[in-house]
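Reader: I'd like a close look at one part of this model, the strand that sits inside it, and then whatever surrounds it. Could you walk me through it in one go?

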Amino acid sequence: MDIHEYQAKEILSGFGVAVPDGALAYSPEQAAYRARELGGDRWVVKAQVHAGGRGKAGGVKICDSDHEIHEATEGMFGQKIVTHQTGPEGKGIYRVYVEAAVPIAREIYLGFVLDRTSQRVMIVASAEGGMEIEEISAEKPDSIVRATVEPAVGLREFQCRQIAFKLGVDAGQVQQMVRTLQGCYRAFTELDATMVEVNPLVITSDARVIALDAKMTFDDNALFRHPQVAELRDKSQEDPREARAADRGLNYVGLDGNIGCIVNGAGLAMATMDTIKLAGGEPANFMDIGGGATPERVAKAFRLVLSDKNVQAVLVNIFAGINRCDWVAEGVVQALKEVEVDIPVIVRLAGTNVEQGQKILAQSGMPIIRASTLNEAAERAVGAWKNDLSQGVRMRAVS
């Protein structure tokens, strides 16, 4: 789960990381009022979206007056910002963050991520702040400093000092860097984050170390331990299909293809997508309905997949162990009865109670295309899609 910059800064501030004074606004008038509350004579207005590269896309404006703030935010609210991270569809701007400008002397990149190779938290830092880490890696790889943290002892002060020295931080700011690094690490570990990124971390002309921008992402599976973090979720920034799936306990990732997938198990779902590609088709989604594939759960999965306007065929691939094929078959039949479906539906069942499942499908009277193997199912799904497409049929389903 991603959160907004202002939310990440509020969290990091609670762990001792210094951040600029700022306030949230939901309208141009409120943004101008927030600036007057903050005081000063220069402010930075930032669109709050779940994406990097906002500055290049016009989502960050430096303003010297109330009038400039009003004009800048009036051009943001209700618009979509498009960056290399949002894709062409962009992200809607519904709130902005107004910050007091700070005098920047230098910028540093700082990131905390999970390194699966070492099975440790890794700190990635660079003296070339203000750039995306991908750009830094490509253009100035020698500037990157890496350090892993031993989980048994945590991030120690000597490690923080080593990182600060490698970044060329002046002696007078080293202790502030130690506090910043340890605060980010504590936030990462105590809140089950998967990433903490401060870019840039700035050293100001008056020798302060301040997190000028911040991003945090969290492990969805650990949110039950942190309700205060779960409450920060902004569904307006998410793919609506993925948000609906999460609310229904389904694992779903939307793709750009036209063959919808309903599968149990992440590995089998990946194999199903690969097989569809090999057969000449394009998967419309990744979906793992999990181990408890009750008829109601399968019907929910159908509605979700069919809500995608691009889906022109549905492939159900179930290998039942904990699941039961008869449950899945009942769910498919139930979904086809409740939902108006005018696209091909291909079902492959294997495992527990497969005979009963096949019998339910055969006796349903529904136009279900059955398959015995994954290869056969993928070929029939692609073939059915291409056949309907060649006939000029625009297939659609309404949930």
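Author: Let's start with a term: a residue counts as buried when its relative accessible area is under 20%. Keep in mind that this is a predicted model.

Now to strand E14, residues 259-263. Five of its five residues are buried, so the strand is largely enclosed by the rest of the structure. Both of its faces are covered: Ile259, Cys261 and Val263 are buried on one side, and Gly260 and Ile262 are buried on the other.

As for its partner, E14 pairs with E16 in the parallel sense, over five bridges. To find your place in that pairing, look at isoleucine 259, whose bridge partner in E16 is alanine 313.

E16 leads on to a helix. Strand E16 (313-320) is among the elements that cover the buried residues of helix H11; the others include helix H10 (295-306), strand E18 (345-351) and helix H12 (354-363). H11 itself covers residues 325-338, which makes 14 residues, and it reaches 20 Å from first C-alpha to last, close to the 20 Å expected at 1.5 Å a residue. Its buried residues include Cys325, Val328, Val332 and Leu336. A bit of background helps when you look at that list: an α-helix has 3.6 residues a turn, so residues three or four places apart point the same way.

With cysteines turning up in both E14 and H11, you may wonder about disulfides. The structure holds zero of them. Take cysteine 160: the closest cysteine sulfur, in cysteine 184, is 9.8 Å away, too far for a bond. The cut-off for a disulfide is sulfur atoms within 2.5 Å. Both of these residues are buried, cysteine 160 with a relative accessible area of 0% and cysteine 184 with 0% as well.

For a contrast with the parallel pairing of E14 and E16, try the open sheet of four strands ordered E1-E6-E2-E3, where the pairing is antiparallel. Its edge strands, E1 (22-25) and E3 (60-63), each pair on one side only. Neighbouring strands there are turned by 20° against each other on average, direction ignored. Four bridges join E1 to E6 (residues 96-100), and alanine 23 stands opposite valine 98 of E6. Two helices go with this sheet. Helix H2 (residues 28-38) lies across E1, E2 and E6, running at about 165° to E1. Helix H3 (residues 66-74) packs on the sheet as well, touching E2, E3 and E6, and its direction makes about 165° with that of E3.

Technical notes: Residues are numbered from 1 along each chain as its sequence is written. This is a predicted model: local features need pLDDT of at least 70, side-chain atom pairs count only at pLDDT 80 or more; totals for chains, interfaces and linings use all residues. Side-chain values use heavy atoms; hydrogens and water are left out. The expected span of a helix is 1.5 Å times one less than its number of residues. Buried means under 20% relative accessible area, exposed over 50%, partly exposed in between (1.4 Å probe, protein chains only). Contact means heavy atoms within 4.5 Å. Two strands pair if DSSP finds at least two bridges between them. Axes are lines fitted to C-alpha atoms, for helices over the stretch in contact, and angles run from 0 to 180 degrees between N-to-C directions.
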